Amino acid sequence: MKILVTGGLGFIGSHTVVELQNKGFEVVIIDNLSNSSINVLDGIVAISGKKPLFEKMDLRDKSAVQSFFKKHGDIEGVIHFAASKAVGESVENPLLYYENNLGVLVYILQELTKKDRARLIFSSSCTVYGQADEMPITENAPVKPAESPYGNTKQIGEEIIKDTCKVNPSLATIALRYFNPIGAHPSVEIGELPIGVPQNLVPFITQTGVGLREELSVFGDDYPTEDGTCIRDYIHVVDVAKAHVVALERLLENKNEANYEVFNLGTGKGSSVLEVIHSFEKVSGQKLNYKIANRRPGDVIQAYADTQKANEILGWKAYSSLDEAMKSAWDWEQKIRA
Ligand SMILES: NC(=O)c1ccc[n+]([C@@H]2O[C@H](COP(=O)([O-])OP(=O)(O)OC[C@H]3O[C@@H](n4cnc5c(N)ncnc54)[C@H](O)[C@@H]3O)[C@@H](O)[C@H]2O)c1
Ligand SMILES: O=c1ccn([C@@H]2O[C@H](COP(=O)(O)OP(=O)(O)O[C@H]3O[C@H](CO)[C@H](O)[C@H](O)[C@H]3O)[C@@H](O)[C@H]2O)c(=O)[nH]1
């Protein structure tokens with residue numbers, strides 16, 4: 001069964017391609033390498049022993065997208081990861097984000113709605129909840145006004161899919177709202193490859209640990225949490241990847257209850273920034289150089305998932321602990337800097 005994975009050489013996409021191939025799916029990747037490297041293909045082959053088909057293409061090229069679907073008429077499902085994801089950059093260049101994250105989604109949906117039967121998994125984010133009023137966050141929590149154009153693209157992306165599904169019963173979709181994916185494949189053949197200075201906590205920690213950055217700034221220790229630092233739900237990327245396979249199988253087996261469904265992907269456990277640092281220190285056996293800095297504008301105090309819906313309906317749960325995820329992130333960082 002042939003599955004298209006857009007952004008399949010990126011962080012979450014590459015781990016998902018491995019899980020798909022392990023389950024016997026035939027994978028075609030589209031990626032323009034704007035935030036990834038062609039070498040990721042070798043990592044995928046090293047783990048799964050299979051080379052996915054790869055097309056280097058910019059999905060903003062509508063006619064290329066049309067030709068691709070014409071050529072690959074036998075695609076049974078699409079997992080759409082390709083997007084731009086830097087919150088700060090989205091504030092600087094909103095149109096890039098609206099074009100890449102929403103224009104492309106429209107092109108893909110236009111092709112999928114031409115088919116007799118089509119399935120789509122969409123990468124959404126817990127950012128849609130903003131600062132939720134209650135923890136843990138269920139899928140029924142209200143969507144809050146977005147803090148950034150990036151956040152907006154995830155909300156509008158969900159709306160575009162929902163509206164399209166209403167009038168296209170042949171289209172079945174699932175939006176997965178990721179909390180904070182971290183870590184790397186335990187084989188350390190693939191992992192996260194941030195370009196430039198990492199904006200996210202875990203790659204900043206591992207790059208500091210390896211000596212690439214001098215010091216981590218902890219953005220605020222005066223939040224109303226136990227140790228004063230923000231709380232997030234850090235989930236191992238392999239657990240996230242496996243959820244995509246399960247969600248896709250649900251659609252392929254027509255087990256979905258509606259043609260637009262939403263699931264949280266998290267562990268259900270919140271960890272503070274200091275807890276993440278301590279986990280790093282434990283698994284790496286070294287002290288991390290960090291200082292307390294000002295709060296970062298736009299940060300929510302806490303966000304962790306209620307995972308009951310994914311547990312019960314998808315029959316999926318996250319298995320890896322924070323320490324396991326941090327260990328894999330650290331192993332990966334050491335490998336790529338060696
Ligand atoms: N990583 C996170 O913390 C996180 C959290 C919530 C949601 N998401 C979403 O999950 C998805 C995947 O995230 P990721 O962390 O793997 O990001 P990533 O940047 O590592 O992967 C995205 C991939 O898409 C490719 N791409 C981007 N624009 C493209 C285009 N126009 N044409 C072809 N390829 C294109 C990039 O080259 C990259 O390989 C994104 O939609 C992101 O917004 C990520
Ligand atoms: O150098 C750093 C980087 C981060 N943090 C803190 O670490 C926590 C996690 O920050 P990340 O940037 O790793 O993750 P966020 O939860 O802020 O953001 C992630 O989740 C968001 C949804 O909430 C969006 O989806 C976004 O794209 C994605 O990166 C936050 O409290 C942040 O203030 C630091 O203290 N120092």
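Here is a walk through this structure, from its domains to its ligands, its helix pairs and two spots in the backbone. Please keep in mind as you look that this is a predicted model.

Let's start with the overall division. The domain assignment splits the protein chain into domain 1, made of residues 2-182 + 235-265, and domain 2, made of residues 201-232 + 268-305 + 319-337. Taken over C-alpha atoms, the centres of domain 1 and domain 2 are separated by 26 Å. Where the two domains touch, 17 residues of domain 1 and 15 residues of domain 2 take part. On the domain 1 side of this contact, β7 and α8 (237-252) each supply at least two residues. By class, that side of domain 1 has nine nonpolar, six polar and two charged residues.

Now for the ligands. Ligand 1 is surrounded by 28 residues, and the closest are Gly7, Gly10, Ser36, Ala83 and Ser123. Several elements contribute to this shell: α1 (11-22), β2 (26-31), α5, β5 (118-125) and β7 (180-182) each bring at least two residues. The largest share is that of α1, with three residues. If you sort the shell around ligand 1 by class, you find twelve nonpolar, twelve polar and four charged residues.

Ligand 2 has 20 residues around it, with Thr127, Asn200, Leu201, Phe219 and Cys230 as the closest. Which domains supply the shell around ligand 2? Domain 1 and domain 2 each provide at least three of its residues. Among the secondary structure elements, α7 (201-209) and β8 (216-219) each give at least two residues to this shell, and β8 gives the most, with four. Here the classes are ten nonpolar, six polar and four charged residues.

With the ligands placed, we can turn to how some of the helices pack, beginning with α1, which we met beside ligand 1. The axes of α1 and α8 lie 8 Å apart and make an angle of about 60°. The two helices are therefore oblique to each other, and their crossing is right-handed. To find this contact in the model, look on α1 for Phe11, Ile12, His15, Thr16, Val18, Glu19 and Leu20, and on α8 for Val237, Val238, Val240, Ala241, Lys242, His244 and Val245. These contact residues comprise nine nonpolar, three polar and two charged. Recall that α8 also supplies at least two residues to the side of domain 1 that touches domain 2.

The next pair is α5 (residues 94-112) and α6 (residues 149-166), whose axes come within 10 Å and cross at roughly 20°. Why is α5 described as roughly parallel to α6? It is that crossing angle that makes α5 roughly parallel to α6, since angles under 35 degrees count as roughly parallel. The crossing of α5 past α6 is right-handed. From α5, the contact takes in Pro94, Tyr97, Tyr98, Asn101, Leu102, Leu105, Val106 and Leu109, while α6 contributes Pro149, Tyr150, Thr153, Ile156, Gly157, Ile160 and Thr164. Eleven of the residues in this contact are nonpolar, four are polar and none is charged.

A third pair brings us back to α7, one of the elements around ligand 2. The axes of α7 and α11 (residues 322-337) come within 9 Å and cross at roughly 50°. That angle makes α7 oblique to α11, and α7 passes α11 in a right-handed crossing. Val202, Thr206, Gln207 and Gly209 of α7 meet Ala329, Trp330 and Glu333 of α11. This contact holds three nonpolar, three polar and one charged residue.

Finally, two backbone details deserve a look. As background, most residues other than glycine have a negative phi, and most peptide bonds are trans. Leu33 is not a glycine, yet its phi is positive, at about 60°. You will find Leu33 in the loop between β2 and α2 (40-48). Is the peptide bond from Met135 to Pro136 cis or trans? That bond is cis, with omega near -10°. Pro136 sits in the loop between β5 and α6.

Methods. Residues numbered from 1 in each chain as written. Chains lettered and ligands numbered in written order. Predicted model: local features only at pLDDT ≥ 70, side-chain atom pairs only at ≥ 80, totals over all residues. Axes fitted to C-alpha atoms, helices over the stretch in contact; angles between N-to-C directions. Parallel < 35°, antiparallel > 145°, perpendicular 65-115°, else oblique. Left-handed = near helix turned anticlockwise from the far one by under 90°. Contact = placed C-beta atoms within 7 Å. Nonpolar A, V, L, I, M, F, W, Y, C, P; charged D, E, K, R; others polar. Near = placed C-beta within 6 Å. Domains from an automatic or database assignment.
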